[in-house]
Amino acid sequence: MSSLTSALPPAQGTGARIARWGLYLILLLFAAYYLLPLLLMITTSFKSPEEIRTGSLLSLPRDFSLDAWTYAWNRACIGADCRGMAPYFLNSLVIVGPAVVISTFFGALNGYALTKWRFRGANVVFGMILFGSFLPSQVILLPMAQTLGFLGLAGSAGGLILVHVVYGLAFTTLFFRNYYVSIPDDLVKAATIDGAGFFQIFTRIMLPLSLPILVVTIIWQFTQIWNDFLFGASFAAGGAQPVTVALNNLVNTTTGVKQYNVDMAAAMIAGLPTLVVYVLAGKYFIRGLTAGSVKG
């Protein structure tokens, strides 16, 4: 870019630099626009209630305090339960872990079977699975509630895990199917000639080649399940509720003066895992998603 700019006439080179800096300015303004609410949440969570009432919304805390964070974590009242966000945060961890692993594994298995072990009607099966990606989550509430009741899983963490696995399977199958389409069939044929079976080929050949799309699927499923509110509010009860439902109950529970710093700290606690995941693995998500889309 610098060599191209130097080769241009002075007027054109100046115009290109102005356009480039103008683009940077626009991107900076957009970034500030989207990051401002996050900044306000963070600064408010470190302020005392008195400073929030008397100070400016955009001002930095005069005295940084973690009292709101500790209160939100282990003492805040969520309905009639005053144990804070901690038990509900652990509930989300218990739900997210198995749901992500199971849905990712079966999505990879489905994508592998639909592309490398094609059977009569494979395209129809894939079309039906793909249709599940476009179903609004509200549509499955009633049939899923009936299913959980029949299985005896209503109101439990296990039932919520099942809901997320079933609902996420369409997306994970789509990701892996589109990725596996471009892997040469000769690899499977050669392994079959050598005596490898269905699961041997899957575990020893396909999965090691699936790292980019594995990262995409895990991040996608983690964020979707962690941030879910509708399923958590509909299918979990009492102490089995995830952190998003607890956050809603905390914000809507008022005893005395409204503690905005505690609400902001609780919101940050609920959103921190997804923020960390995207900060640490965001670039891998983009790379894997791009690879999957190109290969599909």
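Student: Which helices each supply at least two residues of the lining of the largest cavity?
Tutor: This is a predicted model, and the lining of its largest cavity consists of Ser92, Ile95, Val96, Leu160, His164, Ile225, Trp226, Asp228 and Pro242. The helices that each contribute at least two residues to this lining are helix 5, helix 8 and helix 11.

Student: Which helix gives the largest share of the lining of the largest cavity?
Tutor: Helix 5 runs over residues 86-116, and the lining includes Ser92, Ile95 and Val96. With three residues, the largest share of the lining comes from helix 5.

Student: What is the volume of the largest cavity?
Tutor: The structure holds one cavity of 30 Å³ or more. The largest cavity has a volume of about 40 Å³.

Student: Which residues touch the most other members of the largest nonpolar core?
Tutor: The largest nonpolar core has 37 residues, and helices 4, 5, 7, 8, 11, 12, 13 and 14 each supply at least two of them. Helix 14 gives the largest share of this core, namely seven residues. The members that touch the most others are Met85 and Phe235.

Student: What does Met85 touch, apart from residues up to four places away in sequence?
Tutor: Met85 belongs to the largest nonpolar core, and the residues it touches beyond four places in sequence can be listed by name. They are Ala72, Trp73, Ile78, Val243, Ala246, Leu247, Leu250, Ala266 and Ala270.

Student: How many residues are in the second, separate core?
Tutor: Among the members of this second core are Ile201, Leu214, Val216 and Phe285. Its number of residues is 19.

Student: What is the angle about the S-S bond in the link of Cys77 and Cys82?
Tutor: The structure has one disulfide, which joins Cys77 to Cys82 with an S to S distance of 2.0 Å. Cys77 is partly exposed at a relative accessible area of 25%, and Cys82 is also partly exposed, with 40%. The link is right-handed, and the angle about its S-S bond is 95 degrees.

Student: Is Thr173 buried or exposed?
Tutor: Thr173 lies in helix 8, and beyond its neighbours within four places in sequence it is in contact with Gly107, Asn110, Gly111, Leu114 and Ile129. Because its relative accessible area is 0%, Thr173 counts as buried.

Student: With which residues is Pro273 in contact, leaving aside its neighbours within four places in sequence?
Tutor: Pro273 has its place in helix 14 and counts as buried at 14% relative accessibility. From Asn248 it is 25 residues away in sequence and 17 Å away in space, C-alpha to C-alpha. Its contacts beyond four places in sequence are Phe89, Phe222 and Trp226.

Student: What share of residues 264-286 is helix?
Tutor: The unreviewed UniProt entry lists residues 264-286 among its "transmembrane region" spans, which also include residues 124-145. The end C-alpha atoms of residues 124-145 lie 27 Å apart, and that span is 59% helix and 0% strand. For residues 264-286 the end C-alpha atoms lie 29 Å apart, strand makes up 0%, and the helix share is 100%.

Key:
Residues are numbered from 1 along each chain as its sequence is written. This is a predicted model: local features need pLDDT of at least 70, side-chain atom pairs count only at pLDDT 80 or more; totals for chains, interfaces and linings use all residues. Side-chain values use heavy atoms; hydrogens and water are left out. UniProt positions are given in the numbering used here, feature names are shortened, and annotations may be inferred rather than shown by experiment. Helices (H or I, at least four residues) and strands (E, at least two) are DSSP runs, numbered from the N terminus. A nonpolar core is a set of buried Ala, Val, Leu, Ile, Met, Phe, Trp, Tyr and Cys residues joined through side-chain atoms within 4.5 Å. Buried means under 20% relative accessible area, exposed over 50%, partly exposed in between (1.4 Å probe, protein chains only). Contact means heavy atoms within 4.5 Å. A disulfide is a pair of cysteine sulfur atoms within 2.5 Å. On a 1 Å grid over the protein atoms alone, a cavity is a set of points where a 1.4 Å probe fits but cannot get out, and a pocket is an open set with protein on both sides within 12 Å along at least five of seven lines; lining residues have an atom within 4 Å of a point. Grid points are joined across faces, edges and corners, and a volume is the space filled by probe spheres set on the points.
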